[in-house]
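Hi,

Here is the structure I promised to pass on. Have a look at it first, and my notes on the surface patch and the charged pairs follow below.

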Amino acid sequence: MDALQLAVVSLSHCDLFLTNNKQLRQFKEIKCITVEELGK
């Protein structure tokens, strides 16, 4: 499922991807932030 979400984000040229999965931050082609980071 993660691969599908990242593919959609990448193909749609999103600037930011909001997720609860900290591991997705290693995907460097798109800026991924966690919901936890929003509160900071």
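For patches, I took residues with over 30% relative accessible area and no salt bridge, joining like charges within 9 Å and nonpolar side chains (Val, Leu, Ile, Met, Phe, Trp, Tyr) within 5 Å. Areas are from the Shrake-Rupley method with a 1.4 Å probe, and for residues only the protein chains shown count as cover. A salt bridge here is a side-chain nitrogen of Lys or Arg within 4 Å of a carboxyl oxygen of Asp or Glu.

Bear in mind that this is a predicted model: local features need pLDDT of at least 70, side-chain atom pairs count only at pLDDT 80 or more, and totals for chains, interfaces and linings use all residues. Numbering runs from 1 along each chain as its sequence is written, and side-chain values use heavy atoms, with hydrogens and water left out.

The patch first: M1, L4 and V8 make up a nonpolar one on the surface, together offering about 350 Å² of accessible area. L4 sits in helix 1 (residues 2-11); helices (H or I, at least four residues) and strands (E, at least two) are DSSP runs, numbered from the N terminus.

Now the charges. The salt bridge rule gives two. K22 and E36 pair at 3.8 Å, N to O, which ties the loop between strand 1 (16-19) and strand 2 (31-34) to helix 2 (residues 35-38), with the partners 14 residues apart. E37 and R25 pair at 3.2 Å, N to O; E37 is in helix 2 and R25 in the loop between strand 1 and strand 2, 12 residues apart.

Cheers
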